[in-house]
Amino acid sequence: MEMQVSTQAEPARAGDTKELILNSAEKLFADKGFDGTSLRGITAGAGVNLAAIHYYFGSKEALLQAVLARRLEPINRRRIELLDRLEGDSDEQPPGMRVVLRAFLEPPLREIRRLGASGEQFVRLASRAHSEANPQVRAVFLPLFQQVVQRFMAAFRRARPEMGDEELHWKFHCLVGSMAHLLSWGRHDQCAAMLGGDTPVEADPDKLLRAMVAFCTAGMSAPVSEDEEGALR
């Protein structure tokens with residue numbers, strides 16, 4: 001008796017389908033932004049039907065949240081682990097500004113390097129989300145950082161107790177802005193052209209991390225002058 005062999009392709013497993021959708025969505029969100037990306041474009045890139053997105057994610061906003069969380073949760077989890085270790089190893093004195101900043105800055109650099117081309121793609125997406133004015137995007141993006149922001153703001157206060165809340169608030173924004181810029185430009189040859197040079201700068205993540213930590217430590221630690229030279233005119 002001959003065995004009947006099916007010529008139909010096996011249906012994709014649920015995990016495979018979700019991964020295909022996430023990969024397609026990440027690329028299109030990075031290239032076109034949230035508003036410029038359609039669900040039909042995502043399904044075309046993933047090779048699935050529209051019902052699959054609604055089944056696994058429910059909405060375009062929920063899909064964006066899943067795309068961002070897939071990359072950000074490991075980064076933020078590592079940040080918290082490093083901070084927990086620093087605070088656990090500190091008997092009496094709180095961890096200093098430099099080591100706290102390194103715990104904040106190192107995980108995204110390491111994860112982006114580990115991801116390779118996907119990491120660079122995610123940097124483009126995160127840069128868009130960081131500067132996105134669309135309230136739907138901000139409503140998805142900002143809550144992913146809530147725990148990390150609370151923990152590190154508290155650690156910064158302990159490292160520099162003389163710093164007021166308003167000063168810390170704006171310095172933290174400067175920190176995040178510097179990090180976002182370097183993650184976007186630190187791996188590209190164009191960063192030399194921006195400064196008027198034509199020789200590509202080596203995109204060494206370890207050198208970039210050391211530069212970021214040194215620069216941000218100085219900025220977070222320096223007193224804010226109230227004299228006239230620092231005021232808008």
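**Figure 1. Arg 124 is at home in helix 6.** This is a predicted model, in which local features need pLDDT of at least 70 and side-chain atom pairs count only at pLDDT 80 or more, while totals for chains, interfaces and linings use all residues. Residues are numbered from 1 along each chain as its sequence is written, and side-chain values use heavy atoms, leaving out hydrogens and water. Helices here are DSSP runs of H or I with at least four residues, strands are runs of E with at least two, and both are numbered from the N terminus. With a relative accessible area of 38%, Arg 124 is partly exposed (buried is under 20%, exposed is over 50% and partly exposed lies in between, with a 1.4 Å probe and protein chains only). Beyond residues up to four places away in sequence, Arg 124 touches Ala 30 and Asp 31 (contact: heavy atoms within 4.5 Å). Look for Lys 27 too: Lys 27 and Arg 124 are 97 residues apart along the chain, yet 9.1 Å separates their C-alpha atoms.

**Figure 2. Stepping back, the protein has 11 helices and zero strands.** Following the sequence, you meet the pattern α-α-α-α-α-α-α-α-α-α-α. Of the 233 residues in the protein, 39% are buried. Take the contacts between residues at least 6 apart in sequence: 73% of them join residues at least 24 apart.

**Figure 3. Ser 24 belongs to helix 1, which covers residues 14-32.** Its relative accessible area is 10%, so Ser 24 is buried. Setting aside residues up to four places away in sequence, Ser 24 touches Gly 41, Ile 42, Gly 45 and Ala 46.

**Figure 4. Val 100 is one of the residues of helix 5.** Val 100 counts as buried because its relative accessibility is 1%. Its contacts, apart from neighbours within four places in sequence, are Leu 83, Leu 86, Pro 95, Phe 152, Ala 155 and Phe 156. Between the C-alpha atoms of Val 100 and Leu 86 the separation is 7.8 Å, and along the chain these two are 14 residues apart.

**Figure 5. Helix 5 packs against helix 8 at an angle of about 165 degrees, with the axes 9 Å apart.** Helix 5 is therefore roughly antiparallel to helix 8 (under 35 degrees is roughly parallel, over 145 roughly antiparallel, 65 to 115 roughly perpendicular and the rest oblique). Axes are lines fitted to C-alpha atoms, for helices over the stretch in contact, and angles between N-to-C directions run from 0 to 180 degrees. The two helices make a left-handed crossing (left-handed: the near helix is turned anticlockwise from the far one by less than a right angle; right-handed: clockwise). On the helix 5 side, find Met 97, Val 100, Leu 101, Ala 103 and Phe 104; they meet Val 148, Phe 152, Ala 155, Phe 156 and Ala 159 in helix 8. This contact holds 10 nonpolar residues, no polar and no charged ones (nonpolar: Ala, Val, Leu, Ile, Met, Phe, Trp, Tyr, Cys and Pro; charged: Asp, Glu, Lys and Arg; polar: the others, Gly among them).

**Figure 6. Helix 5 also meets helix 11, with axes that come within 9 Å and cross at roughly 145 degrees.** This crossing is right-handed. By class, the contact of helix 5 with helix 11 has 12 nonpolar, two polar and six charged residues. Among the helix 5 residues taking part are Arg 98, Arg 102, Glu 106, Arg 110 and Arg 113, and the helix 11 residues include Asp 206, Thr 217 and Ser 221.

**Figure 7. Helix 9 runs from residue 165 to residue 185, and its end C-alpha atoms are 30 Å apart.** At 1.5 Å a residue, its 21 residues should span 30 Å, which agrees (expected span: 1.5 Å times one less than the number of residues). Buried residues of helix 9 include Leu 168, Phe 172, Leu 175, Met 179 and Leu 183. The buried residues of helix 9 pack against helices 4, 5, 6, 8 and 11.

**Figure 8. The axes of helix 9 and helix 11 come within 10 Å and cross at roughly 165 degrees.** Helix 9 is thus roughly antiparallel to helix 11, and their crossing is right-handed. Leu 168, Lys 171, Phe 172, Leu 175, Ser 178, Met 179 and Leu 182 of helix 9 meet Leu 208, Met 212, Phe 215, Cys 216, Gly 219, Met 220 and Ser 221 of helix 11. The residues of this contact divide into 10 nonpolar, three polar and one charged.
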